[in-house]
Amino acid sequence: MSRRDQLGQIFRFALVGGVNTGTFFGIYLLLHPWMPYFAAYSLAFVLAMIGSFFMNTYFTYRTRPTWKKFLLFPLTNVTNYVIQSAGLYALVTWAGMDTRIAPLVAAVVAIPFTFLLSRKILVPGAARAEEAQQVGAGASSRG
């Protein structure tokens with residue numbers, strides 16, 4: 001995969017993240033008047049995660065969705081949550097960052113981890129294929 005293709009994936013991943021955040025918040029606002037806030041939050045989170053799976057599968061990584069990928073995809077959200085939570089704690093407690101800004105910084109720090117994990121789940125063998133391609137390119141440039 002070329003550098004340009006990788007940058008395209010990262011751009012599409014960020015775009016899907018923005019759409020997904022808007023979708024989550026919109027669903028939450030629609031559900032909130034009809035149910036307790038945490039139930040609305042949870043249902044909106046699950047629905048947005050399902051949407052994120054399909055947007056990332058078809059648009060970001062341009063691969064076919066499978067049940068296996070669908071069942072593994074929530075790991076990206078758990079990872080994102082853990083990294084953001086740890087980052088938030090560290091930024092506020094150890095770095096003294098303002099609690100209004102720290103969540104945004106922690107979210108940005110989590111993006112590469114979430115991207116790599118979602119890519120590993122949604123495009124199995126992508127890293128091995130890239131490695132083989134790089135090894136092959138290196139051999140042909142020497143030969």
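The following paragraphs lead through the fold, one helix contact and one charged pair of this predicted model.

The secondary structure of the chain consists of 6 helices and 0 strands, and the elements, read from the N terminus, follow the order α-α-α-α-α-α. Of the 143 residues in the chain, 27% are buried. Among contacts with a separation of 6 or more, 58% join residues that lie 24 or more positions apart. The exposed area of the chain is about 9,700 Å², and 71% of this area is supplied by carbon and sulfur atoms.

One pair of helices shows how such elements meet. Helix α1 spans residues 3-31 and helix α5 spans residues 102-122; their axes come within 11 Å and cross at roughly 105°. Because angles of 65 to 115 degrees count as roughly perpendicular, α1 is roughly perpendicular to α5. On the α1 side, the contact is made by Gln9, Ile10 and Phe13, while α5 contributes Ile111, Thr114, Phe115, Ser118 and Arg119. Sorted by class, the contact of α1 with α5 comprises 4 nonpolar, 3 polar and 1 charged residues.

The last topic is charge pairing. Side chains of opposite charge can pair when their charged atoms come close. The structure holds 1 salt bridge, in which arginine 100 pairs with aspartate 98, and the closest N and O atoms are 2.6 Å apart. The cut-off for a salt bridge is 4 Å, so this pair qualifies. As for the surroundings of the two partners, arginine 100 counts as exposed because its relative accessibility is 67%, where exposed means over 50%. Aspartate 98, with a relative accessible area of 29%, is partly exposed.

Conventions. Residues are numbered from 1 along each chain as its sequence is written. This is a predicted model: local features need pLDDT of at least 70, side-chain atom pairs count only at pLDDT 80 or more; totals for chains, interfaces and linings use all residues. Side-chain values use heavy atoms; hydrogens and water are left out. Axes are lines fitted to C-alpha atoms, for helices over the stretch in contact, and angles run from 0 to 180 degrees between N-to-C directions. Helices (H or I, at least four residues) and strands (E, at least two) are DSSP runs, numbered from the N terminus. Angles under 35 degrees count as roughly parallel, over 145 as roughly antiparallel, 65 to 115 as roughly perpendicular and the rest as oblique. Contact means heavy atoms within 4.5 Å. Ala, Val, Leu, Ile, Met, Phe, Trp, Tyr, Cys and Pro count as nonpolar, Asp, Glu, Lys and Arg as charged, and the others, Gly among them, as polar. A salt bridge is a side-chain nitrogen of Lys or Arg within 4 Å of a carboxyl oxygen of Asp or Glu. Buried means under 20% relative accessible area, exposed over 50%, partly exposed in between (1.4 Å probe, protein chains only). Accessible areas come from the Shrake-Rupley method with a 1.4 Å probe; for residues, only the protein chains shown count as cover.
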